[in-house]
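This report looks at the empty space inside a predicted model. It deals in turn with enclosed cavities and with one open pocket.

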Amino acid sequence: MAEHDAVEVIVRKRDGGQLSDSQIDWVVAAYTRGEVADEQMSALAMAILLNGMSRPEIARWTAAMIASGERMDFSSLPRPTADKHSTGGVGDKITLPLAPLVAACGVAVPQLSGRGLGHTGGTLDKLEAIPGWRASLSNEAMLRQLAEVGAVVCAAGAGLAPADKKLYALRDVTGTVEAIPLIASSIMSKKIAEGTGALVLDVKVGTGAFMKELADARELAETMVALGTDAGVRTVALLTEMSTPLGLTAGNALEVRESVEVLAGGGPADVVELTLALAREMLVAAGVTDVDPADRLADGSAMDVWRAMISAQGGEPDAALPTARETHVVTAPGSGTVARLDAMAVGLAAWRLGAGRARQGDPVQAGAGVEMHAKPGDTVREGEPLLTLHTDEPERFARALQALEDGVEVGDAPYDAPPVVLDRIG
Ligand code: URA
């Protein structure tokens with residue numbers, strides 16, 4: 001006979017009660033085995049979204065999700081390990097320059113990444129724009145690449161936190177993604193199971209992020225930092241700005257191109273600033289304090305690791321990147337200072353142009369996306385190019401333009417730029 005009953009667990013949370021350790025262990029394991037039905041887990045996820053969970057409940061839920069699968073172990077590596085996780089934003093290509101940069105500073109970076117769903121892009125989709133590059137690696141190949149190259153960005157294997165894979169797909173279609181206990185346990189179960197020694201979280205705040213308000217982002221960051229620290233992972237979080245896209249590109253190949261510019265010593269200032277801020281946090285968390293990552297960008301060693309990292313996974317670092325067949329230029333609606341270029345509007349436009357997918361498993365267009373010629377604070381003249389939209393299918397332009405309709409403002413007022421990094425927790 002089962003230890004608990006799904007309805008009893010749902011009712012306890014529905015009525016605002018605390019779940020016991022054994023209820024949590026049972027419901028997560030039974031759901032993973034298929035003994036708790038999707039509709040029951042949906043009801044429980046909604047009850048958690050509406051009534052919350054205490055910190056001890058979240059910690060137990062996270063532990064149960066870790067226990068649903070394997071744990072990786074990088075302790076045989078001669079260098080310390082550090083990973084970064086972003087809660088997702090528009091134009092957030094930071095992993096691409098960051099992983100090789102931190103490896104060039106002497107810290108191994110095991111970066112298990114995901115694919116994009118909805119308006120935020122996925123790191124694996126971006127790297128797959130590089131001809132030949134493969135996202136899937138066995139655990140042995142991952143360890144070998146970490147030892148030889150120092151950085152690996154790849155897909156999480158099926159064995160890692162399978163409870164989260166199932167639950168995340170369910171949350172996605174039941175309006176239960178935005179629950180802080182579920183986001184925190186989802187992210188941290190994967191990161192703790194991955195076995196990294198140190199973790200830096202980039203928690204995005206703003207229109208293009210899950211968390212629109214600073215207070216919510218802070219609560220999510222504090223919850224995740226506590227989960228990581230309690231599990232023995234040195235964890236810190238930066239709260240960073242996501243009201244406007246990062247950099248000047250949103251879309252897979254477009255973002256790879258911009259990341260390579262950063263590795264070559266150029267690139268947009270906000271991308272460089274955030275890459276360096278996260279690299280410094282990762283190095284300190286991993287115990288490396290005598291290297292300045294800015295030097296490793298400047299002397300080309302981060303670029304050398306990038307090339308080795310791409311080649312090790314079958315990619316051709318020198319191959320031409322795919323470009324979209326069609327482009328459409330959006331011009332400035334007036335003269336003045338760009339006051340707003342909304343992250344959600346640009347993310348939706350890039351998605352509708354074909355850079356993202358509507359359903360898991362849909363293909364993405366490597367060349368599709370939005371290129372920005374001006375950002376908030378820049379002065380523009382009426383009729384000047386503001387954005388270039390890229391897609392293989394010109395019938396997509398109309399819906400992308402609709403997404404951008406209320407997302408762009410040009411005015412006379414001086415622009416007060418928010419900082420890239422809003423706060424630090426940990
Ligand atoms: N990313 C995750 O991995 N899980 C969530 O719940 C949200 C973002």
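Helices and strands are named here as DSSP runs, with at least four residues for a helix and at least two for a strand, and they are numbered from the N terminus. With that naming, the lining of the second largest cavity takes at least two residues from helix H7 (139-148) and at least two from strand S3 (151-155).

**Enclosed cavities**

Searching the whole structure for cavities of 30 Å³ or more yields two. The second largest cavity has a volume of about 60 Å³, and the residues that line it include Glu 70, Met 72, Leu 112 and Leu 137, together with Asn 139, Met 142, Cys 154 and Ala 155. Ala 156, Gly 157 and Leu 160 also belong to this lining, which by class has eight nonpolar, two polar and one charged residues.

The largest cavity has a volume of about 140 Å³, and among the 18 residues that line it, those closest to its centre are His 119, Thr 120, Gly 121, Gly 251 and Ala 350. Helix H11 (252-263) and helix H15 (343-355) each contribute at least two residues to this lining, and the largest share, four residues, is that of H15. Domain 2 (82-312) and domain 3 (326-411) each provide at least three residues of the lining of the largest cavity.

**The second largest pocket**

Turning to open space, the second largest pocket holds about 360 Å³. Its lining is made up of 19 residues, of which Thr 244, Pro 245, Asp 270, Lys 375 and Val 420 are the closest to the pocket centre. Strand S5 (234-241) and helix H12 (269-285) are the elements that give two or more residues to this lining, and H12 accounts for the largest share, with three residues.

Where does the second largest pocket lie with respect to domain 2 (82-312) and domain 3 (326-411)? Both domains give residues to its lining, and therefore the pocket lies between them.

**Lining classes**

The table sets out the lining of each space by residue class.

| Space | Nonpolar | Polar | Charged |
|---|---|---|---|
| Second largest pocket | twelve residues | three residues | four residues |
| Largest cavity | five residues | ten residues | three residues |
| Second largest cavity | eight residues | two residues | one residue |

In reading these classes, it should be kept in mind that Gly is counted as polar, and that Gly 121 and Gly 251 are among the residues closest to the centre of the largest cavity.

Definitions and conventions:
Residues are numbered from 1 along each chain as its sequence is written. This is a predicted model: local features need pLDDT of at least 70, side-chain atom pairs count only at pLDDT 80 or more; totals for chains, interfaces and linings use all residues. Side-chain values use heavy atoms; hydrogens and water are left out. On a 1 Å grid over the protein atoms alone, a cavity is a set of points where a 1.4 Å probe fits but cannot get out, and a pocket is an open set with protein on both sides within 12 Å along at least five of seven lines; lining residues have an atom within 4 Å of a point. Grid points are joined across faces, edges and corners, and a volume is the space filled by probe spheres set on the points. Domain bounds come from an automatic or database domain assignment.
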